[in-house]
Amino acid sequence: MTSKPVFFSLLLSFTADILFLKTSFEGLAVVLFIAVQYCHRSLLSVSEKHFASFSLTGICGTGFLLTLASFLHIKSSLLLAAAFFYISLFVFNLIYAWIVHADSTPLLLRLCLAMLFICDIHVGLFNLPRFVTLSDSFLLFYCTHIASRVLWLFYLPGQLILLYLFFCLIQQKPPAVLL
C-alpha cells in the first residue's frame, strides 16, 4: 500500500463533498467519487490488468440497477446512472476487500470502506425522495430527517481512518492499529 492513492482519495472526496454541499454540481461530484473508487481499487493492490474488468463490473451493475429502478418506477437520470456506476464499483471493492482478499487487506482499511459504504447508503436514502414518491411515512421520515444525520457518524470516522493511513504511509511506519 502506498500513500499516493490515499492522498488522491482524500483530495477527491474532499473536493466532491464541497461540490455536493456548496454547489449545484452534483454530477461532477459523483464523477469525483467514482475516481475515489478507482483510488480505493489501487489501495487494495489490484493488478492494473483488472482495470477493465473493474470498469465492466461497474457498467453491468449500473445496467442492472437502472433496470431495477425502471421496474420500481424510480425516475431515471444521468445523475442516477452515475450514482449507480459509483455504487457498483464500491460494492465490487467491498467484496474484494472483505471476501476475495480479506487475508491481505488490512482490517483498518476494510472497516474504513465499510463505514464509507454505510455513509453512502444513507446519502442515497436522503436523496431517495427526489427520485421516487414514498408512501411509507416511516421511510419518508427516515430519509428526510434521520439519514442526513446518521451519515456523518460513518463518514467522519471513515475519513479519519484514511487520514491516519496516509500519515502512517508518509512516515513509512506501519500503522499501530493496522490489524
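Helices α1, α2, α3 (51–71), α4 (78–100), α5 (107–131) and α6 (137–170) each supply at least two residues of the lining of the largest pocket. Helices here are DSSP runs (H or I, at least four residues), numbered from the N terminus. This is a predicted model, where local features need pLDDT of at least 70 and side-chain atom pairs count only at pLDDT 80 or more, while totals for chains, interfaces and linings use all residues. Residues are numbered from 1 along each chain as its sequence is written, and side-chain values use heavy atoms, leaving out hydrogens and water.

Let's stay with the pocket for a moment. Its volume is about 1300 Å³, meaning the space filled by probe spheres set on grid points that are joined across faces, edges and corners. A pocket is an open set of points on a 1 Å grid over the protein atoms alone, where a 1.4 Å probe fits, with protein on both sides within 12 Å along at least five of seven lines; lining residues have an atom within 4 Å of a point. The largest pocket has 49 lining residues, and Ala83, Asp120, Val123, Gly124 and Asn127 lie nearest its centre. Helix α5 gives the most to this lining, with 13 residues.

Now for the helix pairs. Axes are lines fitted to C-alpha atoms over the stretch in contact, and angles run from 0 to 180 degrees between N-to-C directions. Contact means heavy atoms within 4.5 Å. The table sorts residues by class: Ala, Val, Leu, Ile, Met, Phe, Trp, Tyr, Cys and Pro are nonpolar, Asp, Glu, Lys and Arg charged, and the others, Gly among them, polar.

| Group of residues | Nonpolar | Polar | Charged |
|---|---|---|---|
| Lining of the largest pocket | 34 residues | 11 residues | four residues |
| Contact of α1 with α2 | 16 residues | five residues | two residues |
| Contact of α1 with α6 | 11 residues | four residues | one residue |
| Contact of α4 with α5 | 16 residues | no residues | three residues |

The axes of α1 (residues 3–22) and α2 (residues 26–43) come within 8 Å and cross at roughly 165°. That makes α1 roughly antiparallel to α2, a term for angles over 145 degrees. Residues meeting here include Phe8 and Leu12 in α1 and Phe33 and Val36 in α2.

Helix α1 also meets α6: their axes come within 9 Å and cross at roughly 150°. This contact includes Phe7 and Leu10 of α1, along with Trp152 and Tyr155 of α6.

Finally, α4 and α5 pack at an angle of about 155°, with their axes 10 Å apart. That makes α4 roughly antiparallel to α5. Among the residues in contact are Phe90 and Trp98 of α4 and Phe117 and Asp120 of α5.

Technical notes: Angles under 35 degrees count as roughly parallel, over 145 as roughly antiparallel, 65 to 115 as roughly perpendicular and the rest as oblique.
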